[in-house]
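User: Hi! I would like to learn how the labels on a protein model are earned. Could you walk me through some of them?

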Amino acid sequence: HPYQASDYDDDAERALEAFASAPGIVALGEMGLDYYNEFSPRSAQRVCFEGQLALAARLGLPVVIHCRAADDDTHAILRDHVPGLPACIMHCFGGTPTFAEQCLALGCFISFAGNVTFPKAEALRDAARRVPPDRLLTETDAPYLAPQPVRGKRCEPRHVVHTLDYLADLLAIPRDALGEQVVANACRAFNIPTVSHTPD
């Protein structure tokens, strides 16, 4: 995680590679840049990020990207690395509509958490409107960012239905259809067998 990027060295990369080579691992992440908290220097975050992206390319694994207040640098780095990756998922997207379009142009999936439901998140909703249904994902970011109907509580995986419902209304797509699409997108992004979506 970018918070611990200062600790990323050759030993850490070898340990990560050994772990990521184990059966059942479907992606590497969350990796990326966080200029909001800056628990590690920006330069260390960039070195760590590029090293992890290169490792994912060597292993043929998708990546899950953390980006907070670092849209420009994240885009610049991804532009050089995404072509060598099977898939790139923008985790808990919180960027601008322009950044969403840049990520889509690179072929990324964009995943929205409960913060898209917050009353003041109009820019995030504008970004969501620009994402084609076949590139959209939903998530909880549990235990954080509980969606509006349960805001202020500990977020749990079951709360993802609130985010899905909200996005279905926002995008004027029937809830079940969007649910099926999101499941199919996740299976494609993580290269896992297709599963059937059963509404709650």
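**Labels and the values behind them**

Analyst: Happy to! Let us start with the lining of the largest cavity, which by class has six nonpolar, three polar and no charged residues. Keep in mind that this is a predicted model.

User: Which residues line the largest cavity?

Analyst: The lining is made of Ile65, Cys67, Met90, His91, Cys92, Phe93, Gly94, Gly95 and Phe99. Glycine counts as polar here, so Gly94 and Gly95 fall in the polar class. Cysteine counts as nonpolar.

User: What makes this space a cavity rather than a pocket?

Analyst: A cavity is a space where a 1.4 Å probe fits but cannot get out, whereas a pocket is open. The structure holds one cavity of 30 Å³ or more, and the largest cavity has a volume of about 40 Å³.

User: And how much space lies in the largest pocket?

Analyst: About 520 Å³. Of the 22 residues lining this pocket, His66, Arg68, Cys92, Asp141 and Leu145 are the closest to its centre. Strand β2 (63-68) gives the largest share of the lining, three residues, and β1 (28-34) also supplies at least two. By class, the pocket lining has ten nonpolar, seven polar and five charged residues.

User: Why are α2 and α3 called roughly parallel?

Analyst: Two packed helices are described by the angle between their axes and the distance between the axes. Helix α2 (residues 42-59) and helix α3 (residues 71-81) have axes that cross at roughly 25° and come within 11 Å. Angles under 35 degrees count as roughly parallel, so α2 is roughly parallel to α3. The crossing of α2 and α3 is right-handed.

User: How do you know which residues of α2 and α3 meet?

Analyst: Contact means heavy atoms within 4.5 Å. On the α2 side, the residues are Arg46, Phe49, Glu50, Leu53 and Ala54, and they meet Asp73, Thr74, Ile77, Leu78 and His81 of α3. This contact divides into five nonpolar, two polar and three charged residues.

User: What is the angle between α1 and α2?

Analyst: Helix α1 (residues 10-20) packs against α2 at about 35°, with the axes 11 Å apart. This crossing is right-handed. From α1, the contact uses Glu13, Leu16, Glu17 and Ala20, and from α2 it uses Gly51, Gln52, Leu55, Arg58 and Leu59. By class, the α1 and α2 contact has four nonpolar, two polar and three charged residues.

User: Now the backbone. Which value goes with calling the peptide bond from Gly29 to Glu30 cis?

Analyst: Its omega is near 0°. Glu30 sits in strand β1. There is also a cis peptide bond from Ala142 to Pro143, with omega near 10°. Pro143 belongs to the loop between β5 (136-138) and α6 (160-171).

User: What is the sign of phi at Asp141?

Analyst: Positive: phi of Asp141 is near 55°, and this residue is not a glycine. Asp141 is in the loop between β5 and α6, and among the pocket-lining residues closest to the centre. Asn191 is not a glycine either and has a positive phi of about 55°. Asn191 lies in the segment after α7 (175-190).

Note on methods:
Residues numbered from 1 in each chain as written. Predicted model: local features only at pLDDT ≥ 70, side-chain atom pairs only at ≥ 80, totals over all residues. Heavy atoms only, no water. 1 Å grid on protein atoms, 1.4 Å probe; cavity = no way out; pocket = protein on both sides within 12 Å on 5 of 7 lines; lining within 4 Å. Points joined across faces, edges and corners; volume = space filled by probe spheres on them. Helix = DSSP H or I, 4+ residues; strand = E, 2+ residues; numbered from the N terminus. Axes fitted to C-alpha atoms, helices over the stretch in contact; angles between N-to-C directions. Parallel < 35°, antiparallel > 145°, perpendicular 65-115°, else oblique. Left-handed = near helix turned anticlockwise from the far one by under 90°.
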